[in-house]
Amino acid sequence: MDRFIPKSKSKLLYQSHTQSNYNDLLYHINEEKVLNFGNQKQQHNYPISFLDQLHNQYRLPTQQTIRQISQVPEKILDAPDIADDFYLNILEWGNNNVLSVGLQNKVYLWNASNQHIEQLLQATSNVTAVHWINDHILGVGFDDASIKIVDVCSQQTITQLYYHNERVSTMSSSFELLSTSGRDNVIFNHDLREKNNNIVGVFQKHTQEVCGLKWNQSGTTLSSGANDNQLLLWDKRQMSLRLSCEGHCAAVKAMAWCPWFPNILVSGGGSNDKNIKFWNSDTGLCFKSIDTGSQVCALQFLPRYRELISSHGFSKFQISIWNAEVIQQAKLIQELQAHKSRVLHLGISPDQSMLCSAAGDETLIFWRLGTEQNNQDKQEMCSSKNLFLR
């Protein structure tokens with residue numbers, strides 16, 4: 001397994017152990033002293049480790065104050081005939097700043113950079129899952145158990161997969177691997193580099209519809225949740241079950257891996273559970289549980305502010321924002337309420353400035369989360385032409 005070993009800029013590190021270097025090192029230590037009891041504070045420019053750089057990447061801004069997100073939506077779009085089905089995953093905001101939405105038998109793309117909407121495809125079966133595999137490739141699952149892999153630049157279907165026996169409810173990808181599952185309870189792992197017979201692993205442990213799949217950031221562990229109340233962790237290298245996380249008493253659809261603590265997984269339970277649970281994925285132990293009072297439909301982390309966002313069903317239909325900087329002490333800081341039905345889906349823009357929520361009330365609501373990090377990031381997909389004309 002390849003490892004990333006950072007190169008330090010310090011002249012004192014990784015030097016050969018020659019006598020001259022050793023004497024130089026002793027000279028600097030004696031000169032600066034290990035402890036200094038004088039009045040003048042000495043400043044040392046210690047090299048920054050790779051782990052420190054990762055920590056600083058997600059560090060909250062200094063002078064951080066309690067943030068208040070406006071209760072007034074930034075924008076509301078109609079989503080006529082959107083499926084009011086807890087088990088489906090028909091909305092995803094890609095890293096290309098394009099929101100994909102499945103409405104009945106059609107897939108629409110909304111380009112947040114230029115506000116343009118386009119119909120990508122129309123099928124004979126209803127759309128039950130959408131997932132961005134990369135900036136140009138979208139996976140679409142249908143209720144006839146088929147899957148289409150579509151190039152959105154050319155609007156052409158690259159390939160179709162027919163491994164499932166019933167509707168495809170959820171998909172997740174990691175590098176070259178696409179994992180899919182649904183009502184047949186089976187998780188298929190497809191190597192997208194192979195054109196024929198691309199199944200490289202099959203996971204069979206769930207006994208009811210699988211409605212949640214999520215690969216961790218490193219692509220080593222897949223989490224799966226289902227209507228059988230199980231939350232399972234699968235190992236990519238061994239292509240086998242690694243851990244079963246016991247504790248939910250309703251369907252597990254909502255799940256998210258923490259960006260700043262990569263071994264922490266957060267999951268949400270359905271209407272008979274209503275809990276958000278925090279798991280150590282190394283041990284499978286739940287170290288925190290929060291009773292939200294409502295069905296947990298979706299979870300998303302907001303790394304810029306170290307927050308967790310959850311959306312809910314009966315009875316409040318709320319969107320909750322949790323301070324998760326110290327994840328063991330995660331606490332509610334704000335609720336947004338505008339939907340009139342359960343909030344089934346969440347999407348966050350790549351710059352983390354906007355949140356999109358979709359509900360059974362046939363609306364997509366956009367919420368302003370913060371200022372954009374870099375306006376120069378607004379670029380067209382496939383660069384040379386505008387793909388999303390009305």
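This report covers the annotated repeats, one four-stranded sheet and the surroundings of Ser294.

## Basis of the model

The model is predicted: local features need pLDDT of at least 70, side-chain atom pairs count only at pLDDT 80 or more, and totals for chains, interfaces and linings use all residues. Residues are numbered from 1 along each chain as its sequence is written, and side-chain values use heavy atoms, leaving out hydrogens and water.

## Annotated repeats

An unreviewed UniProt entry places "repeat: WD" at residues 203–235 and 336–377. Such annotations may be inferred rather than shown by experiment. Residues 203–235 are 0% helix and 55% strand. Their end C-alpha atoms lie 10 Å apart. Strands here are DSSP runs of at least two residues, helices of at least four, numbered from the N terminus.

## A four-stranded sheet

The order E1-E28-E27-E26 makes an open sheet with antiparallel pairing. Two strands pair if DSSP finds at least two bridges between them. Strands E1 (75–78) and E26 (343–348) are at the edges, each with a single partner strand, so one side of each has no neighbour in the sheet.

E27 (residues 354–359) and E28 (residues 363–368) run antiparallel and are joined by six bridges. Cys356 stands opposite Phe366 in E28.

## Around Ser294

Ser294 sits in the loop between strand E21 (285–291) and strand E22 (296–302). Ser294 is buried, at 0% relative accessible area (buried is under 20%, exposed over 50%, partly exposed in between; 1.4 Å probe, protein chains only).

Beyond four places in sequence, Ser294 touches Lys274, His312, Gly313, Phe314, Ser315, Lys316 and Gln318. Contact means heavy atoms within 4.5 Å.
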